[in-house]
Amino acid sequence: MLGAWKKNNRGRASTEPTLLPNSFPSAENLQEILHRYKEIRLNGFQTNPEAFVSSYEESLKKSDDTWRSQLQSQLSKTFVSVIQSQEAPKNSHGPISFESFDDTHPSLQKLLQNDWVGIVSITGPILFSKPNTAAKTSLSKPWETFIKDGKYQLPARPLDPNYLRGKYIVYVLGGLFVSPQARGQGRARQLINATIEAAYKEARALASSKASIVIQAEAGNTRARRLYESFGI
Ligand SMILES: CC(C)(COP(=O)(O)OP(=O)(O)OC[C@H]1O[C@@H](n2cnc3c(N)ncnc32)[C@H](O)[C@@H]1OP(=O)(O)O)[C@@H](O)C(=O)NCCC(=O)NCCS
């Protein structure tokens, strides 16, 4: 429930997470962000296969178009935690062209000039709904919004804000990963805080009657579970 989310600012990482833009000033910038996005996602699937539904092997087979539509999805917001790069700025194709961005894209600069060590996405808002068979208690089970015909499903595109206005909306948080060398510095907390803030802002703008954030996590992932529970998620 919106009012129950608790902000938690403990932690030592100095840089706040950065929201990934979903449009880019140049094709080169998009390509470089896509490269970094794939790299950190694949790193997560490979390092902690037990924590994710997607597998490393299957994800390696995904086309760039699939990755691109995931990255630029209008239904999701992705936040990245960065660390100052130890090396000169580079990309997969050689040096980054700094002429291609300016002061109007500070977040893009930050994303291109630093190493990515953490990531999380929040998807929504989606209109709360419950399966036909559910009892009245479904109101306290907002995750059922994402279950259609027994399967986890997301809408293909964002819903019209006018349709959502004043209603009960739901978000799903997913893909939380922090690189092993950057763990224990409060980065996951910062990333979750960023998603809560974004959802809170949107829910207020939509005058939502209620808003919930749900997560999809492995029951055995006690570290992540404790973390989410400490936020009231
Ligand atoms: C779970 C994960 C995201 C935590 O990232 P992190 O940046 O290290 O987390 P934080 O530093 O923000 O710490 C969050 C909490 O994790 C726990 N934690 C942190 N470092 C820990 C360590 N070395 N040992 C055990 N628990 C630890 C603590 O409960 C901490 O809360 P606290 O502030 O009350 O101590 C990271 O371990 C990870 O990427 N794991 C693999 C992927 C995964 O499980 N994702 C979740 C999918 S649902």
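User: Is A207 buried or exposed in this model, and how does one decide?

Analyst: The general idea is to count neighbours, and a residue with 12 or fewer other C-beta atoms within 10 Å counts as exposed. In this structure, which is a predicted model, A207 has 10 other C-beta atoms within 10 Å and is therefore exposed. A207 belongs to the loop between α6 and β7, and its phi is near 50°, a positive value in a residue other than glycine.

User: Which class does P161 fall into by that count, buried or exposed?

Analyst: P161 has 11 other C-beta atoms within 10 Å, so this residue is exposed. P161 is part of helix α5, residues 161-164, and although P161 and L206 are 45 residues apart along the chain, their C-alpha atoms are separated by 7.1 Å.

User: How many helices and strands should I look for, and in what pattern do they follow one another along the sequence?

Analyst: The secondary structure comes to seven helices and seven strands, and reading along the sequence gives the pattern β-α-α-α-β-α-β-β-β-α-β-α-β-α. It also helps to ask how far apart in sequence the contacting residues are: among contacts between residues at least 6 apart in sequence, 82% join residues at least 24 apart.

User: What should I look for in the interior, and which residues touch the most other members of the largest nonpolar core?

Analyst: In soluble globular proteins, nonpolar side chains tend to be buried together. Here, 28% of the 233 residues count as buried, and the largest nonpolar core has 37 residues, of which V80, V120, I169, Y171, L173, L191 and A199 touch the most other members. Several elements supply at least two residues each to this core, including α1 (27-47), β2 (76-84), β3 (114-127) and α6, while the largest share, nine residues, comes from β6.

User: If I take V120 as an example, which residues is it in contact with, leaving aside its neighbours within four places in sequence?

Analyst: With those neighbours set aside, V120 is in contact with F79, L173, G175, L176, L191, I192 and T195.

User: What is the peptide bond from G124 to P125, cis or trans?

Analyst: The way to read this is to look at the omega angle, and for the bond from G124 to P125 omega is near 0°, so that the bond is cis by the value of its angle. P125 itself lies in strand β3.

User: How are α1 and α3 placed, roughly parallel or roughly perpendicular to each other?

Analyst: One compares the axes of the two helices, and an angle of 65 to 115 degrees counts as roughly perpendicular. The axes of α1 and α3 (residues 64-71) come within 10 Å and cross at roughly 95°, and the two helices are therefore roughly perpendicular to each other. In their contact, L34, Y37 and K38 of α1 meet D64, W67, R68 and L71 of α3, and by class these residues divide into four nonpolar, no polar and three charged.

User: Finally, how many residues surround the ligand, and which are the closest?

Analyst: To read a binding site, one lists the surrounding residues and then asks where they come from and what class they belong to. The ligand is surrounded by 20 residues, the closest being A51, R183, G184, A188 and A217. The elements giving two or more residues to this shell are β6 (168-178), α6 (187-205) and α7 (222-230), with α7 giving the most, four residues. By class, the shell has eight nonpolar, six polar and six charged residues.

Methods: Residues numbered from 1 in each chain as written. Predicted model: local features only at pLDDT ≥ 70, side-chain atom pairs only at ≥ 80, totals over all residues. Near = placed C-beta within 6 Å. Nonpolar A, V, L, I, M, F, W, Y, C, P; charged D, E, K, R; others polar. Core = buried A, V, L, I, M, F, W, Y, C linked by C-beta atoms within 7 Å. Buried ≥ 20, exposed ≤ 12 C-beta atoms within 10 Å, placed from the backbone. Contact = placed C-beta atoms within 7 Å. Axes fitted to C-alpha atoms, helices over the stretch in contact; angles between N-to-C directions. Parallel < 35°, antiparallel > 145°, perpendicular 65-115°, else oblique.
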